[in-house]
Amino acid sequence: MSTEIVVVPHTHWDREWYEPFQRFRLRLVALLDEVLDTMEREPAYHFTLDGQLACVDDYLEVRPEQRDRVAALVKSGRLAVGPWQILLDEFLCSGENIVRNLELGMDRADKLGGAMPVGYLPDMFGHTAQMPQILRKAGLRHACVYRGVPASVTADAFAWVAPDGTALRTQYLPAGGYGNGAHLFHDGEGLGERAAAFVRTMRAWHGPDGPLLAMYGTDHSAPVRGLPEMVAAIGARMDTLSGYLGGDPGEVDGPGEVDGLARVHGELRSHARANILPGVISVRPHVKQAMGRAERMVERYAEPLATLWGEEWPGRFLDMAWWRLVDASGHDSVTGCGVDDTAQQVAARIAEAEQLGQAVRDLVTSRLARAVPSDGVLIVNPTPDERRGVVVVDVAGMDPLADPSGEPVPVQPLEYAATLLLDEEMDPATALTFIHGTELYGRHITGWTVEDGTLTFTVAQETSVVFDVDDLRAAVGGVTRVRIVAEPRRTVAALVDVPPLGHTSIRPAPRDQVYAADGADLRPGTHHPSCWLSSDSGTLPVRGDDEVLDNGLLRVTIAPDGTLTLVGQDGTTITGAGRIVDGGDVGDTYNHAPPATDLVISEPELVESEMICTGPLVAAVDVRRTYLWPAAGEEVEGAPELPAAARGSRMEEITVVTRVELRAGEPFVRLHVEFDNRCADHRVRLHVPLPSPATRSHAEGQFAVVSRGLTAEGGCGETPLPTFPASSWVAAGGVAALLEHVTEYELAGGELALTLLRSVGYLSRNRNALRPEPAGPQLPTPAAQSRGTRSVRLALMPYRGTWAEVVPQAEVFRHDLLVVPGLGERFLPLPEPAAGLSVTGDGVVLTSLRDRDGWRELRVVALTPEATRAVVSGGFTRARHADLRGRPGEPIPVTDGTIRLPLAAWEIATVQLSE
């Protein structure tokens, strides 16, 4: 019996959850004090520290003097740490965030003696399809999972296969998950009987031969005194998880055989073996929205721009941003399933990450903007393909805009700024107190006059005037009125061409200096001739009124009920898109649950529309739909913690404003949906009818496009609702929704339903109609009702072919061209457009570009089921492969500053480039 049971003492440490981080940390410090003392006192003791370095970091920040003790135990192989920095939620962060998490954890573990060579994923609410490839390309050969495993798995090990074909030996934790051995050693009495029962249970999963894994620990559990003696008493041995699986710290390329194991392909989101708690995707949506925004800012703006156009690499700022993003990705953090204090801290962490990214972005773009005259505008392309797109710019005067070659830029006036900022009777002495240097009312003084008792200032965005307030003070005798007049300024939409990951610029220019194509009239009011927008130019104008918007690629008709009919260039038609549906939700942060008697509202009481602009570059209409929604669920008398059986009778009048916007050259319509949520215990979804029947959806996320059916596999406990996450887009039946952040969706009744808001009042309910047991403590979470303004941006795109058409359009929608005011001297000419790095190829998407030790490290993924090729160009002379940890590999041939990189279907590839 000596080899029958291997006991792995451990703790599962939720860093923040039903208590905020610092309160849990107090417990962590006490626990690790005890772990270190116990392990030094009992040499046979082994301990696995939950697979995340955050536990060590949080401890050593309080006990820095204990670092050597920790390192000694790690080097001995008795204390297993890493490989993750934090145990993440895999669906609520980007694929790049997953990579950086693993990179941070493994690098920091190496400094302590080596990372546990196991992709330990014990409590995530399901697992992403590409995780086997990610782990393998970081050098790991094992995974270990609990939730999401399908019913087809009947053993405690299987081969988990990523979309690219990477197969990873995966240890499944059946019969209790990461606490399957937690009951064994609570006391000495009956120990043998419990061990025998454990063996009987686990042999059914493991087979007749080989040792059985007993995970001895649970949430926030501490080591037990005398455990080695009790382990010896049943003839078992103690080890770490990696010791059981046959790997040693630091030896990440150890064994991981998959021959003979059942193969499971793709993501693990089955409810058959354990609850996966899918409601976390849609609860506290502002946190998910902020996470998506911050990740894009750091991944696609700050790092690439600093790599290509910066001077000194701002590594520390970017490191701080990534620390915060990784910390926020915790499986009880970004999920929103903690108490309100926890959610507040997570939101602050994400906001700091975005601010750090913005600071780096602004540092780089301000450098570029110093070469652009102050009356001009710098435009930066964050995508690695040449881009034609619409930008909104603020410029002075009424002159046409020109590009660096002097050719006119198509524009559309949107708004004219007020020129009269002040006109009041006033003591001039009071007016003089408004002046700070040359600044007055947020602008700068360009001149002043005194006439007929009126002091008039002229102001502009900049000035070359030397202003002396003493001269003015001497001239204001008899003044009784003060006027401030600003230079004319206007906001316009402009259509520009920008090189890949590069920049261009535009500025107002006198009409006699602008080259007018085909003799176009450049007089005021006629400076957006349609001859600039044509099939020859590749971009047709958009025309609109309060019922129809049309840009030649897509026609949008607004129906009397406020829904939309979309007709694509190929004739694909969607009727009734954008219907808002409100229903009850008396579940909790983990699981949606409608009341027993629900009231679903989809028809508005009133519909109004307002034309915002009519083209030719942008046409937009605001559609206002007013609804009566129940204010809350009907509380059970005397027991408010029990879920309501029905929605309440008190109604709130809610106006949902949808801005419908169509831009020239885009085959999708942009929607900005906004409303003031004054209701509780409900779910709001936007419905889009499918042009064609569909039995499967296709959703992008974490380096993959996952195909899902109309149902979800059940069997454990919770009702298997077929609601799923999508990161940047989801497509089905000829329509795609382009998304700014992870969004819950469902195919139901021939429609695509996108969750805009899910309002709940409890962390977990002891009684949830769709989940028989609690998922956590029943604690109130009033902030999870998400009261206040809810604002969502998305786009809808009809398509007739495959979802491959959606991939490049999602890149355009998610990554706006960046507009920066010029900071150079006004006499400067516009600089020539400049390209940074070009990355092209069918289905090839850039996911990261950063500096690593003087090399430009580029990561791409092939979002395609077929082999493809990435063509990378950009003025480099050397190139080499690298793994996901940045360790260099074989050289890549470079021809004229270009590499041609063959990619297998769904392959994640990392290369390093040098001049």
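Visitor: What is the volume of the second largest pocket?

Guide: This is a predicted model, in which local features need pLDDT (the predictor's confidence in each residue, from 0 to 100) of at least 70, side-chain atom pairs count only at pLDDT 80 or more, and totals for chains, interfaces and linings use all residues. Residues are numbered from 1 along each chain as its sequence is written, and side-chain values use heavy atoms, without hydrogens or water. On a 1 Å grid over the protein atoms alone, a pocket is an open set of points with protein on both sides within 12 Å along at least five of seven lines, whereas a cavity is a set where a 1.4 Å probe fits but cannot get out; lining residues have an atom within 4 Å of a point. With grid points joined across faces, edges and corners, and volume taken as the space filled by probe spheres set on them, the second largest pocket comes to about 770 Å³.

Visitor: Which residues that line the second largest pocket are the closest to its centre?

Guide: The lining of this pocket holds 28 residues in total. The closest to the centre are Arg663, Arg670, Glu740, Arg793 and Asp816.

Visitor: Which element gives the largest share of the lining of the second largest pocket?

Guide: Helices (DSSP H or I, at least four residues) and strands (E, at least two) are numbered from the N terminus. Elements giving two or more residues to this lining include the strands β28 (606-614), β29 (618-630), β30 (651-663), β31 (669-677) and β40 (788-798), together with the helices α11 (340-369) and α14 (806-814). The largest share, 5 residues, comes from α9, that is, residues 285-309.

Visitor: What is the volume of the largest cavity?

Guide: A search of the whole structure finds 11 cavities of 30 Å³ or more. The second largest of them holds about 80 Å³ of space, while the volume of the largest cavity is about 480 Å³.

Visitor: Which element supplies the largest share of the lining of the largest cavity?

Guide: This cavity is lined by 32 residues, with Ser94, Glu299, Glu700, Ser728 and Arg814 nearest its centre. Among the elements that each supply at least two lining residues are α4 (95-112), β33 (697-701), α14 and β43 (844-852). The largest share, 7 residues, comes from α9.

Visitor: What pLDDT does the chain average?

Guide: Over residues 249-255 the pLDDT stays under 50, and over residues 517-531 it likewise stays under 50. Where pLDDT is low, the predicted coordinates should not be read in detail. Along the chain, 95% of the residues score at least 70, and the average pLDDT is 93.

How values were computed:
Contact = heavy atoms within 4.5 Å.
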